[in-house]
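Biologist: Before we look at anything in detail, could you take me through how to read the features of a model like this one?

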Amino acid sequence: MDTASIGGVWHEVVGTQPHPSWWLVCATGAAALVAVSVRSVWHVLRNIVTIAHEGGHAFAALVTGRQLRGIRLHSDTSGVTVSRGKPYGFGMIVTAFAGYVTPPLLGLCAAGLLTLGHITALLWASIVLLAAILLMIRNAYGVLSVVTTGAVVFVVSWYGSAAVQAAFAYAFTWFLLFAGARPVMELQSKRSRGRAPDSDADQLARLTGMPGLLWVFGFALVAVVALLAGGYWLLHDAVPPLPGR
């Protein structure tokens, strides 16, 4: 890699790229919705949501002064983030709350970047975040999951054409927005059958005295608001104007 190529990449990262055609934005949104809806596809891609979920726990633990011990990701798409500190109080509440809201909020931030034309910046920001999470991973499957995800993003950002990068970035953003709600529905389904006594919502209930269902509603509210706002941003500049306007 020479200086010229590095300079070119930096110029792409800090610069802006043209918005893709409206059909690509809509097609990637439809593809992301299918990916979230089809069980077999969702089971594979849910690992991406788990990475974001556990990364949210880890980031919240660090910013609230807790000592992060590590993240473990499992092949059943579950995960756990371990931190040390008081088992109660503001820091623990924020850490427990951060998991389910992180994927849709990341999707909202990604939609904001795409609206501003920062397609390449979004891809490289994703690589940086994945690299930071990789430093916290403490098991082999977790390393494999994060490295594989990062490698896919890197290959697209380094070797992909402008059209390929745009399609990937929009599909990835739509996926995060749509995927924010399904884990919350899965959570409540497990809770209703008594299969998730130590879920984030139930931990928050014990920490605050507020019902776990209320926290599930809070997770869902963040996911829906992020989807509506992010979807509006993505579609606003993509939908072609009506005839005569």
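Modeller: Let us begin just after helix α4, where G117 takes a positive phi of about 85°; helices here are DSSP runs of H or I with at least four residues, strands are runs of E with at least two, and both are numbered from the N terminus. This is a predicted model, in which local features need pLDDT of at least 70 and side-chain atom pairs count only at pLDDT 80 or more, while totals for chains, interfaces and linings use all residues. Residues are numbered from 1 along each chain as its sequence is written, and side-chain values use heavy atoms, with hydrogens and water left out.

Biologist: Where in helix α4 does the kink lie?

Modeller: A bend at a residue is the angle between axes fitted to the seven residues ending there and the seven starting there. In α4, which covers residues 90–115, a kink of about 50° lies at V101, shortly before the proline P103.

Biologist: Is T95 buried or exposed?

Modeller: Buried means under 20% relative accessible area, exposed means over 50%, and partly exposed is in between, with a 1.4 Å probe and protein chains only. T95, which lies in helix α4, counts as buried because its relative accessibility is 7%. Contact means heavy atoms within 4.5 Å, and, leaving aside neighbours within four places in sequence, T95 is in contact with H57, A60, A61, T64 and R66.

Biologist: How do strands β1 and β2 pair?

Modeller: Two strands pair if DSSP finds at least two bridges between them. Strand β1 (residues 67–73) and strand β2 (residues 79–84) pair in the antiparallel sense, over six bridges; among the bridge partners in β2, T81 faces I71 and G79 faces L73. The two strands form a hairpin with five residues between them. T77 is found in that loop and has a positive phi of about 70° although it is not a glycine; with a relative accessible area of 6%, T77 is buried.

Biologist: At what angle do the axes of helices α3 and α8 cross?

Modeller: Axes are lines fitted to C-alpha atoms, for helices over the stretch in contact, and angles run from 0 to 180 degrees between N-to-C directions. Angles under 35 degrees count as roughly parallel, over 145 as roughly antiparallel, 65 to 115 as roughly perpendicular and the rest as oblique. The axes of α3 (residues 39–63) and α8 (residues 182–192) come within 12 Å and cross at roughly 105°, so the two helices are roughly perpendicular to each other. W42, R46 and V49 of α3 make the contact with R182, P183 and E186 of α8.

Biologist: How far apart in space are A27 and A171, and how far apart are L144 and K190?

Modeller: Separation in sequence and separation in space are two separate readings. A27 and A171 are 144 residues apart in sequence and 8.5 Å apart in space, C-alpha to C-alpha, whereas L144 and K190 are 46 residues apart in sequence and 27 Å apart in space. A27 is found in helix α2 (residues 22–37) and counts as partly exposed at 39% relative accessibility, while L144 lies in helix α6 (residues 140–159) and counts as exposed at 52%.
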